[in-house]
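Visitor: I'm new to reading protein models, and I'd like a close look at one part of this one. Could you take me slowly through the smaller sheet and what surrounds it?

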Amino acid sequence: TAARLRWVQEEIGFYYLINHGISGNLIRRALEQVQLLHNLPIEKKLELKVDDKSTGYVPIKSTVYVSSTVNTNTKKDLNANFRIVRERPIDHPSVKAGRRFTGPNKWPNTMLLPDFKTVMLEYLNAMETLAHSLLPLYALALELKPDYFDEYFTDPTWLTRNVHYPPEIPEENQFGISPHRDHGFITLIPISEVPGLEVRSEDNNWISANYIENALIVNSGEFMTKWTNGRFIATPHRVLSPGKDRYISAFFFNPNWDVK
């Protein structure tokens, strides 16, 4: 399996993960909560608007993906998203230091969404457990000891983008999310039945990520590429504006804050 993963990460950078231990029911419940949040009135969502700690709500057409090395992105992306990071106590050193991507999280009022926090934490904790379980496989794929990565992920700096892609007609060079490479270690994403995600092949063609029930898509980012001296690639991808509302929860798994 490690040899197969090595080939995928050197040649393609994206793969489907099945039999991963996270129930389809939990994934569906989490995505239902994401949809419920995005269906709230805009004034309620703006009460949770993202701040300099990078948690909270980001309205549609708020960002231009200027950090992309894939495309000269000039138009604002056609998505709204809600950012959740690893839940940490208020006295955690990273929270007290005011570090980005470490919390505290902003949670919607329980009167509006009574199950949101409970369901999302159950789902995201399951995603963290799954991501941790992949570390020995990545180590073996790099001909390292299985526990090589363990010391770097004792308090991982993961973050999530819980996204709504509405069916808007894009302008020229405008996307649900613009062409880019992910920046982190690995990304895990449940596959939506509504198409939109496309991955760029080595011959510069765009390949649609077709739906497989209860599967996750996993890809590596630029942090992984640097850590492996370019061996494991970060593949360009994009999301097209869909034909109908599309909801997704992207889980970006990264090492501890101080890992260089």
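Guide: Here is a walk through the four-strand sheet, followed by a shorter look at the other sheet and its helices.

A quick word on the ground rules. This is a predicted model, where local features need pLDDT of at least 70, side-chain atom pairs count only at pLDDT 80 or more, and totals for chains, interfaces and linings use all residues. Residues are numbered from 1 along each chain as its sequence is written, and side-chain values use heavy atoms, with hydrogens and water left out.

Let's start with the strand order. The sheet is open and reads β5-β10-β7-β8, with antiparallel pairing. Strands here are DSSP runs of E with at least two residues, helices are runs of H or I with at least four, and both are numbered from the N terminus. Two strands pair if DSSP finds at least two bridges between them. β5 and β8 are the edges: each has a single partner strand, so one side of each has no neighbour in the sheet. On average, and ignoring direction, neighbouring strands are turned by 20 degrees against each other. (Axes are lines fitted to C-alpha atoms, for helices over the stretch in contact, and angles run from 0 to 180 degrees between N-to-C directions.)

Now go strand by strand. β5 and β10 are joined by two bridges, antiparallel, and there His180 faces His237 of β10. Next, β10 (residues 237-239) pairs with β7 (residues 197-200) over three antiparallel bridges. Glu198 is a handy landmark: opposite it in β10 is Arg238, while its bridge partner in β8 is Ser208. β7 and β8 (residues 206-208) also share three antiparallel bridges. Their hairpin has five residues between the strands, and one of its residues, Asn204, has a positive phi near 70 degrees.

Back at the edge, zoom in on Ser178, which sits in β5 (residues 177-180). Ser178 is buried, because its relative accessible area is 0% (buried means under 20%, exposed over 50%, and partly exposed in between, using a 1.4 Å probe and protein chains only). Beyond its neighbours within four places in sequence, Ser178 touches Tyr65, Asn73, Lys75, Asp77, His237 and Arg238, where contact means heavy atoms within 4.5 Å. With Asp77 there is also a side-chain to side-chain polar contact at 2.6 Å. (That term means a pair of N or O atoms within 3.5 Å; within protein, one must be able to donate a hydrogen and the other to accept it, and residues adjacent in sequence count only if both atoms are side-chain atoms.)

Now for the other sheet. Seven strands make an open, antiparallel sheet in the order β1-β9-β6-β11-β4-β3-β2. Its edge strands, β1 (14-17) and β2 (56-58), each pair on one side only. β2 is joined to β3 (residues 80-85) by three antiparallel bridges, and Gly56 has Arg83 of β3 as its bridge partner. Helix α5 (residues 116-141) packs on this sheet, touching β1, β3, β4, β6, β9 and β11, and its direction makes about 50 degrees with that of β11.

Finally, helix α1 (residues 2-11) packs against α5 at about 75 degrees, with axes 8 Å apart. That makes the two roughly perpendicular (65 to 115 degrees; under 35 counts as roughly parallel, over 145 as roughly antiparallel and the rest as oblique). Ala2, Leu5, Arg6 and Gln9 of α1 meet Leu137, Tyr138, Leu140 and Ala141 of α5.
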